[in-house]
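Me: I'd like to walk through a structure with you, one question at a time. Could you bring it up so that we can both look?

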Amino acid sequence: MRKNSSVLIVAVFLFCGSFGFAQSISLNDLQNRFDGFSEALAKSLPFNASVGLNWSDAYIGQFFDVPPHFGAGVSTGATTIDVGVAADLLKSFDIPYSLAFFPLPVYVVEGRLGGFGIPFDIGVKFGALPDAPLLTDARVDVNFLLAGADFRYGLIKQGVVLPNVSIGFGVNYLKGGISASTGDGASFSFNDGSGNHTLALAKPTVRLSWETLTLELKAQVSKTLLIVTPYGGAGVSYAAVSKASYGVETRVTYDGGAIDDAGIDKIKEKVPGLNNINANGFSSSYNRRDSWGIRLFGGLSFNLAIIKIDLTGMFNLIDQNYGVTLGVRAQL
C-alpha cells in the first residue's frame, strides 16, 4: 500500500479513535484506497510546499535604501487534493465525507531581505509542529516541518505606469506525519484463492508520513495603488522524489491465531504493495518520481503603514487543485 497525509486526515483518526472500525472490508480494497490517496497526496506535495513567501510586492527593493527594505511575518493557508480519493479512503472506515474539497493546511513564519548592488531580494520561511498530541482524547499525534527559501531578481521597477516585475528561484522542503490509536481494533477480509480469511488488528496505532524536496522557477508582477497592491504570478516546480508511507503497529492475528510465514507469504502474493508485514503490524511506502507542478497565484495586499495583509489564491494546473493563504507582516 502507499500512503501519506495532511492534518485533515485527522478526521479519519478522530472517528476511529472514538468508535473503532464499524465494518470488515477487503484488505485489497483498503490497499487500493490507500494507494489512490497516497498517489494524489504525493502529486500535491510540491503544491502544498509552495505555501509561504508569496508576498504581494514582486520585488521589495534594496536593503541599503533609506529606509532599508526588509520584512517579517507569518502566513497560513491550505491547498487541496482530489476529494474523490479522500472520500473513498474515509469510506474504508465507515466515515461519510460530503465536502466538495479536502484541504492540507500549513503555516510558516517568513522573512524577506532587500538586496544590495543589483535589484534582488531573498526570502526564507519555516514552519514546524513537533510530535505532540493534537487531541488527547482521540490519541492523535502530529508532526510537521516546512522550510524554504527563494531568490527574486527585479526585472522592472515600479514607476508611474510600469509595475514591479521579477523572476525567481526557490527551494522547499516539506516533511510530516500523523499517528493515532484506533480504539477497539480492526479486521479485514482476505481471499487467498482457496477461501476467505480474516486479518485482525488489536487496538492498532496507524502512522502516516510524507516528504518532498522541490525546486521552483517563478515570475511575478505587482503594482501598488494607494493602500492596495494587486499581484499575480506563475511557478513551475519539480520534485525528484515525493515520498508517502504508512504503517500499522499492533498484534496481528490470522484467522484467530498467530500469523505465520505461510500466511505472510499469501498476503504478499495476493495484495500487491503490502510487502512489509509480520506479527507486530504492517507497512508500505510509495515514491513518486519526477513530479512536476505548474501553479498560478495572485491576490492583493492591504497596506496599512508598515503592516501588510496578504490574501493569495493559488491554482495547480497539473491536478486542478487550488489553495488559499492569508499572511500578515511588517515590511519597510
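Reply: Happy to; what follows is a set of questions and answers on this predicted model.

Me: Let's begin with the strands. Which strand does strand 8 run antiparallel to, and over how many bridges?

Reply: Strand 8 covers residues 196-222, and strand 9 covers 228-254. Within this pair, Gln-220 stands opposite Gly-233. The partner of strand 8 is strand 9, and the number of bridges joining the two is 21.

Me: Which residue in the hairpin of strand 8 and strand 9 takes a positive phi?

Reply: There are 5 residues between the two strands of this hairpin. The one with a positive phi, near 60°, is Leu-226.

Me: Strand 9 also pairs with strand 12. What is the bridge partner of Tyr-238 there?

Reply: Strand 12 spans residues 281-304 and pairs with strand 9 in the antiparallel sense, over 21 bridges. In that strand, the residue bridged to Tyr-238 is Trp-292.

Me: And which residue has a positive phi in the turn between strand 9 and strand 10?

Reply: Strand 10 is made of residues 257-258 and pairs antiparallel with strand 9 over 2 bridges. One bridge sets Tyr-254 against Gly-257. The hairpin has 2 residues between its strands, and the one in the turn with a positive phi, about 55°, is Asp-255.

Me: Now for the interior. Which residues touch the most other members of the largest nonpolar core?

Reply: That core has 22 residues. The elements giving two or more residues to this core are helix 2, strand 7, strand 8, strand 9 and helix 4. The residues that touch the most other members are Leu-27, Leu-199, Ile-259, Ile-267 and Phe-282.

Me: How many residues are in the second, separate core?

Reply: Among the members of this other core are Phe-47, Val-106, Ile-178 and Met-314. The core is separate from the one just described, and its residue count is 14.

Me: Back to helix 4: why do its buried residues line one face?

Reply: The buried residues of this helix are Gly-263, Ile-264 and Ile-267. In an α-helix there are 3.6 residues a turn, so residues three or four places apart point the same way. Looking down the axis of helix 4, the buried residues line one face because they fall within an arc of 100°.

Me: Which exposed residues sit on the face of helix 4 turned away from its buried side?

Reply: The buried residues pack against helix 2, strand 7, strand 8, strand 9 and strand 11. Ile-267, for one, is in contact with residues including Leu-27, Phe-190, Leu-199 and Tyr-254. On the face turned away, the exposed residues are Asp-261 and Glu-269.

Me: Phe-190 and Tyr-254 also have rings that pair. How many residues apart in sequence are the parts that this pair ties together?

Reply: The ring centres are 6.4 Å apart and the planes meet at 55°, so the pair is tilted. Both Phe-190 and Tyr-254 are buried. Phe-190 belongs to strand 7 and Tyr-254 to strand 9, so the sequence separation of the parts tied together is 64 residues.

Me: What is the angle between the planes of Phe-63 and Phe-70?

Reply: The whole structure has 8 aromatic pairs. Phe-63 and Phe-70 form a tilted one, with 6.2 Å from centre to centre and an angle between the planes of 55°.

Me: Is Phe-70 buried, exposed or partly exposed?

Reply: Phe-70 belongs to a cluster linked by ring pairs, along with Phe-63, Phe-64, Phe-116, Phe-120 and Phe-151. Phe-63 has a relative accessibility of 27%, so this residue counts as partly exposed. Phe-70 has a relative accessible area of 34%, so its class is partly exposed.

Me: Let's look at a polar side chain next. Which side chain makes a polar contact with that of Asp-57?

Reply: Asp-57 lies in the loop between helix 2 and strand 2. Its relative accessible area is 6%, so Asp-57 is buried. Among the residues in contact with Asp-57 are Arg-152, Lys-308 and Arg-329. The polar contact, at 2.9 Å, is with the side chain of Gln-331.

Me: One last question: which backbone nitrogen does the side chain of Asn-316 reach?

Reply: Asn-316 is found in strand 13. With a relative accessibility of 3%, under the 20% cut-off, Asn-316 counts as buried. Asn-316 is in contact with Phe-47, Ile-294, Arg-295 and Asn-321, leaving aside neighbours within four places in sequence. At 3.0 Å, its side chain reaches the backbone nitrogen of Ile-318.

Conventions. Residues are numbered from 1 along each chain as its sequence is written. This is a predicted model: local features need pLDDT of at least 70, side-chain atom pairs count only at pLDDT 80 or more; totals for chains, interfaces and linings use all residues. Side-chain values use heavy atoms; hydrogens and water are left out. Helices (H or I, at least four residues) and strands (E, at least two) are DSSP runs, numbered from the N terminus. Buried means under 20% relative accessible area, exposed over 50%, partly exposed in between (1.4 Å probe, protein chains only). A polar contact is a pair of N or O atoms within 3.5 Å; within protein, one must be able to donate a hydrogen and the other to accept it, and residues adjacent in sequence count only if both atoms are side-chain atoms. Contact means heavy atoms within 4.5 Å. A nonpolar core is a set of buried Ala, Val, Leu, Ile, Met, Phe, Trp, Tyr and Cys residues joined through side-chain atoms within 4.5 Å. The arc is that of the directions from the helix axis to the C-beta atoms. Two strands pair if DSSP finds at least two bridges between them. Rings of Phe, Tyr and Trp (its six-membered ring) pair if their centres lie within 6.5 Å; planes under 30 degrees apart count as stacked, over 60 as edge-to-face and the rest as tilted.
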